[in-house]
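This report looks at the nonpolar cores of one protein chain and at its annotated active-site residues.

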Amino acid sequence: MSVFTGAGVALVTPFHADGTVNYDKLDELLEEQVKGGTDAIVICGTTGESATLTEEEHSEVIRFACERIKGRIPVVAGTGSNCTETAIQLSREAEADGADAVLLVSPYYNKTTQKGLKEHYQAIADEIHIPAILYNVPSRTGVNIKPETIAWLCGNVENIVGVKEASGDFSAIAQIANLSDGTVDIWSGNDDQTVPMMALGAKGVISVWSNVAPTAVHDMCRAFFDGDTARAMKTQIEAIPLLNALFCETNPIPVKTAMNLMGKNVGPFRRPLVDMEPENLERLKKAMQGAGLL
């Protein structure tokens, strides 16, 4: 059984003006997502600025989300690291705190081999009992998890169940589906590719877009799985200007900016992320207006 089917939100981490985590706001965001129909909460991923959270903050944010969601929908905890032992520690803590699954980004910067990826992921999975989802985003990590490696891990490690695929390579995604014969659950890691990826068998999306439009993303996925592909395609295509704007600078700069423009008050970024360039800010505002968000 899949961890979830449909739209999982890659939730932002809200901060106070002084840069500390704003747990009251996080509570509001979690409730908003549940009420909006989101199918899963993905906490402390890239969009949650996990790279700039301390290990203590990282674990506390995951614990807080699990406590507030109370099993209503799955909570997937981002616990990946470029240090295998750190990823093991974070994953153990997430399981103990009630996470339903973990999301494990490929080890960044040190650029291990495919053999190293297998050993890294197997070592983490062996230390936990909840499902693990691989996260392939080579544009940010500098390393690509090859289709053969993904299929091997999901076929040989019991609790490695799938992959968030953000490579943008449809040939590789089709190859994963072909090699795995249904043993790999695939989720789109790119909002603008969700519907075509579902056509290749993806279970849905882990979505940045859901931060500003949870119901729209959920309904798009639901329409596809209900057989109304025309409606799903229409939603996907009409959202392209907004999605382009949400990724015109490094994620999560535009989406947090959009949320602040909508009055959600999720606060600043943690450096080295900084405010949007003026021309990109205007582009974002225009796209939000076109999408009815402003």
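## Cores and annotated site

In this predicted model, the largest nonpolar core has 79 residues, and those with the most contacts inside it are Ile43, Ile160, Trp209 and Val212. Helix H2 (residues 55-69) gives the most to this core, contributing six residues. Beyond its neighbours within four places in sequence, Ile160 is in contact with Tyr121, Ala125, Ala132, Leu134, Leu153 and Cys154. Another core lies apart from the 79-residue one; this other core has 16 residues, including Val3, Ala40, Leu103 and Val161. In soluble globular proteins, nonpolar side chains tend to be buried together.

The "active site" annotation, taken from an unreviewed UniProt entry, covers Tyr135 and Lys164. These residues span 30 residues in sequence, yet their C-alpha atoms are no more than 4.7 Å apart, so they gather at one spot. Both Tyr135 and Lys164 belong to the lining of the largest cavity.

The table gives the strand and relative accessible area of each annotated residue.

| Residue | Strand | Relative accessible area |
|---|---|---|
| Tyr135 | E5 (residues 132-136) | 7%, buried |
| Lys164 | E6 (residues 160-165) | 6%, buried |

Sequence neighbours up to four places away are left out of the contacts that follow. Tyr135 touches Thr46, Leu103, Leu104, Val105, Ser106, Tyr121, Ile145, Lys164 and Ala166. The contacts of Lys164 include Tyr135, together with Leu103, Ile133, Leu134 and Asn136; among the others are Trp187, Ser188, Gly189 and Ile206. Leu103 is thus in contact with both Tyr135 and Lys164, and Leu103 is one of the residues of the 16-residue core.

Conventions
Residues numbered from 1 in each chain as written. Predicted model: local features only at pLDDT ≥ 70, side-chain atom pairs only at ≥ 80, totals over all residues. Heavy atoms only, no water. UniProt positions renumbered as here; feature names shortened; annotations may be inferred. 1 Å grid on protein atoms, 1.4 Å probe; cavity = no way out; pocket = protein on both sides within 12 Å on 5 of 7 lines; lining within 4 Å. Helix = DSSP H or I, 4+ residues; strand = E, 2+ residues; numbered from the N terminus. Buried < 20%, exposed > 50% of the residue type's maximum accessible area, 1.4 Å probe, protein only. Contact = heavy atoms within 4.5 Å. Core = buried A, V, L, I, M, F, W, Y, C linked by side-chain atoms within 4.5 Å.
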